[in-house]
Amino acid sequence: MDIDFKNLAYQLLPPHKRYINRQRHINRMNWLSALLYPLAEKWTVFRIWRKETRMKVNLNSQTLVLESYLRAKYHTPNISIQNYKDGMIAIALASESEEQRIWFGKSENESPLPEFPLSQEIQIQFDGVDFVVSIPPDFSDTQRADLEDDINQYKQALIKHAVEQGSEA
């Protein structure tokens, strides 16, 4: 929602004061606009605060949501998050459908056994961190520090991360 303060001032004028004289109308509208100017400035600041707060309230620890939050806050689509996935077999509950259950083949004609990594095998590729945030090479040191603060504010406890800055090609 946005407020047009000039239109609001016009709508709040009584009908008999709207168009008596063209010059009087312009003077009256300029005067009312000047009175509403501080309110318009506060409204602009409030809109920016409201947008950022709504993004924070809707943010949870999911990787895609954190990635989209960082992209929106820093106005760049070049921020990406690669996360650590354990790669283990998804075990379906008994109440779930047959399509979600994994079938282990018993003969050569049936589907082969699914491949999954050994314990800690995938975490080695990230050098002990759970996810890596890639940022563009034109990020300044202050932007990088702000990004680190945002990540630390929203990530779960005991989750480790690293920030990699891309190199210019």
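## Aromatic pairs

W43, F46 and W49 form one aromatic cluster. The model in which this cluster appears is predicted. The count of aromatic pairs comes to 4. One of them joins Y69 and Y154 in an edge-to-face arrangement, with 5.3 Å from centre to centre and 75° between the planes. Because Y69 belongs to helix α3 and Y154 to helix α5, this pair ties together parts that are 85 residues apart in sequence.

Both partners of the pair are buried. Y69 has a relative accessible area of 3%, and Y154 has a relative accessibility of 16%. Each value falls under the 20% limit, so each residue counts as buried.

## Overall architecture

The chain holds 5 helices and 3 strands. Along the sequence these elements follow the pattern α-α-α-β-α-β-α-β. Of the 169 residues in the chain, 22% are buried. Contacts that span long stretches of sequence are also present: among contacts between residues at least 6 apart in sequence, 61% join residues at least 24 apart.

## The sheet

The 3 strands make an open sheet with mixed pairing, in the order β1-β2-β3. β1 (80–83) and β3 (161–165) are the edge strands, each pairing on one side only. On average, neighbouring strands of the sheet are turned by 20° against each other, direction ignored.

The pairing of β1 with β2 is antiparallel and runs over 4 bridges. In this pairing Q82 stands opposite V132 of β2, and S80 stands opposite S134 of β2. On the other side, β2 and β3 run parallel and are joined by 5 bridges. V132 has A162 as its bridge partner in β3.

## Strand β2 and its faces

How much of β2 is buried? The answer is 5 of its 5 residues, so the strand is largely enclosed by the rest of the structure. In a regular strand, side chains alternate between the two faces of the sheet. In β2, F131, V133 and I135 point one way, whereas V132 and S134 point the other way, and all are buried.

## Helices packed on the sheet

Two helices that pack on the sheet can be described through the strands they touch. Helix α3 packs on the sheet by touching β1 and β2, and its direction makes about 160° with that of β1. Helix α5 also packs on the sheet, where it touches β2 and β3; its direction makes about 155° with that of β3.

## The largest nonpolar core

The largest nonpolar core has 14 residues, of which L70, I79, V133, I135, L147 and I151 touch the most other members. Two or more residues of this core come from each of α3 (63–74), β2 (131–135) and α5 (141–154). The largest share, 4 residues, is supplied by α3.

I135 illustrates the surroundings of one core residue. Apart from neighbours within four places in sequence, I135 is in contact with N78, I79, R144, L147, V163, E164, Q165 and G166.

## A buried glutamate in α3

E67 is located in helix α3. Is this residue buried or exposed? Its relative accessibility is 11%, so E67 counts as buried.

The side chain of E67 reaches the backbone nitrogen of I81 at 2.7 Å. Beyond its neighbours within four places in sequence, E67 is in contact with I79, S80 and I81. Of these residues, S80 and I81 fall within β1 (80–83).

## Two loop residues

H75 is placed in the loop between α3 and β1. This residue is not a glycine, although it has a positive phi of about 55°. H75 is exposed because its relative accessible area of 69% is over 50%.

S140 is found in the loop between β2 and α5. With a relative accessible area of 31%, S140 is partly exposed. A polar contact of 3.1 Å links the side chain of S140 to the side chain of T142, a residue within α5 (141–154).

Notes:
Residues numbered from 1 in each chain as written. Predicted model: local features only at pLDDT ≥ 70, side-chain atom pairs only at ≥ 80, totals over all residues. Heavy atoms only, no water. Core = buried A, V, L, I, M, F, W, Y, C linked by side-chain atoms within 4.5 Å. Buried < 20%, exposed > 50% of the residue type's maximum accessible area, 1.4 Å probe, protein only. Contact = heavy atoms within 4.5 Å. Polar contact = N/O pair within 3.5 Å; in protein donor to acceptor, adjacent residues only side chain to side chain. Phe/Tyr/Trp six-rings, centres within 6.5 Å; stacked < 30°, edge-to-face > 60°. Pairing = 2+ DSSP bridges. Axes fitted to C-alpha atoms, helices over the stretch in contact; angles between N-to-C directions.
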